[in-house]
Amino acid sequence: MSDTPDPGNPNGIQVGDIYEDCSFHPVLCTVVDEVAGVVLSGVSLIDGSFPRSCDALHCGPTRIRIEEVMAIKQDLEGYVRRRKEELRAGDDI
């Protein structure tokens, strides 16, 4: 694996990683499709829904630790609210 980030997948998310998708679900990445950009697909660790897909560049998925998944699952609504506030605060900078 190269230390240089892939411009189409800046967070370097790969199969087996857990990432937060654009709906704030923790998702286990099962496919990285590089045909038309980099599309990440996987299964939600909240409700098992799949495929959950995000554009690695435009959706801004971020890796999350497995330890965070259970806390998120306990209070998804509260987590989503906090993440939206963080993102809004980041936009104001």
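Strand 2 and strand 3 form a hairpin, with five residues between them. In the turn, Gly37 has a positive phi of about 85 degrees. The model described here is predicted. The two arms of the hairpin, strand 2 (residues 26-33) and strand 3, pair in the antiparallel sense over six bridges. One bridge joins Asp33 to its partner in strand 3, Val39.

Strand 3 (residues 39-44) also pairs with strand 4. This pairing is again antiparallel and runs over four bridges. Here Leu40 has Cys54 of strand 4 as its bridge partner.

These pairings belong to an open sheet of five strands. The strand order is 4-3-2-1-5, and the pairing is antiparallel. Strand 4 (52-55) and strand 5 (62-63) are the edge strands; each pairs on one side only. Strands of a sheet pair through backbone hydrogen bonds, in a parallel or an antiparallel sense.

Along the chain, the elements run β-β-β-β-β-α-α from the N terminus on. The chain thus holds five strands and two helices.

Pro10 lies in the segment before strand 1 (18-20). Pro10 counts as partly exposed because its relative accessibility is 40%, between the limits of 20% for buried and 50% for exposed. Neighbours within four places in sequence aside, the contacts of Pro10 are Pro5, Ala56 and Leu57. Val38 is 28 residues from Pro10 in sequence. In space, the C-alpha atoms of Pro10 and Val38 are 10.0 Å apart.

The overall dimensions were examined next. The C-alpha trace spans about 35 × 35 × 20 Å along its principal axes. The radius of gyration of the chain is 13 Å. This agrees with a compact globule, because such a globule of 93 residues would have a radius of gyration near 12 Å.

Of the 93 residues, 33% count as buried. Contacts between residues 24 or more positions apart make up 43% of those with a separation of 6 or more. The accessible surface of the chain comes to about 6000 Å². Carbon and sulfur atoms account for 54% of that surface. The chain carries 9 positive and 17 negative charges. The mean positions of the positive and the negative charges are 7 Å apart.

Terms used: Residues numbered from 1 in each chain as written. Predicted model: local features only at pLDDT ≥ 70, side-chain atom pairs only at ≥ 80, totals over all residues. Heavy atoms only, no water. Pairing = 2+ DSSP bridges. Buried < 20%, exposed > 50% of the residue type's maximum accessible area, 1.4 Å probe, protein only. Contact = heavy atoms within 4.5 Å. Rg over C-alpha atoms; globule rule 2.2 N^0.38 Å. Areas by Shrake-Rupley, 256 points an atom, 1.4 Å probe, with all protein chains shown as cover. Lys, Arg positive; Asp, Glu negative; His and termini not counted. Charge placed at Lys NZ, Arg CZ, Asp CG, Glu CD.
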